[in-house]
Amino acid sequence: MDTNKPSQEHKPGLACPECGFFINMSIEDILYRTGIQCASCGLQLTMNRNMSNEALQALQNLDTAIKNVNHLKQKYK
Ligand SMILES: [Zn+2]
């Protein structure tokens with residue numbers, strides 16, 4: 001069992017379909033960028049925004065929620 005990978009678990013991103021390299025993506029990347037390039041093989045991944053409006057909306061809400069939380073954290077530091 002390899003339950004001992006603390007930093008890998010919550011990293012947002014995806015594995016490159018071409019070479020399997022893990023591409024780090026922040027929620028902001030997913031939301032506002034039109035494409036992402038694999039740092040390993042250079043494959044260009046394009047976001048298909050038309051297909052997942054609902055998912056994007058959900059992410060946007062999440063993004064806002066995270067920002068609010070970070071804001072609160074800083075406030076109470
Ligand atoms: Zn790749």
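**A tour of the predicted chain**

Begin with the whole protein chain coloured by pLDDT, the predictor's confidence in each residue on a scale from 0 to 100: the mean is 80, and 81% of the residues reach 70 or more. This is a predicted model, in which local features need pLDDT of at least 70 and side-chain atom pairs count only at pLDDT 80 or more, while totals for chains, interfaces and linings use all residues. For the selections that follow, residues are numbered from 1 along each chain as its sequence is written.

Switch next to a cartoon view, where helices (DSSP runs of H or I, at least four residues) and strands (runs of E, at least two) are numbered from the N terminus. The protein chain has three helices and four strands, and from the N terminus on these elements run α-β-β-α-β-β-α.

Select helix α1, residues 6–9, which has the lowest mean pLDDT among the elements, 53, and then strand β2, residues 22–24, which has the highest, 89. Where pLDDT is low, the predicted coordinates should not be read in detail.

Stay in strand β2 and pick F22, which is found there. Is F22 buried or exposed? F22 is partly exposed, because 14 other C-beta atoms lie within 10 Å; by the rule used here, a residue is buried if 20 or more other C-beta atoms lie within 10 Å of its own, exposed if 12 or fewer, and partly exposed in between, with C-beta atoms placed from the backbone. Leaving aside neighbours within four places in sequence, F22 is in contact (C-beta atoms, placed from the backbone, within 7 Å) with G13 and A15. A distance label between the C-alpha atoms of F22 and S40, which are 18 residues apart along the chain, should read 8.8 Å.

Move on to T34, in the loop between α2 (27–32) and β3 (35–37). T34 counts as exposed because it has 7 other C-beta atoms within 10 Å. Apart from neighbours within four places in sequence, T34 is in contact with T46 and M47, and its C-alpha atom is separated by 8.6 Å from that of L45, eleven residues away along the chain.

Finally, select helix α3, residues 53–75, whose 23 residues reach 33 Å from the first C-alpha to the last, close to the 33 Å expected at 1.5 Å a residue, where the expected span is 1.5 Å times one less than the number of residues. How many residues of α3 are buried? The count is zero, and α3 is hardly covered; zooming out to the protein chain, 0% of its 77 residues count as buried.

Notes:
Contact = placed C-beta atoms within 7 Å.
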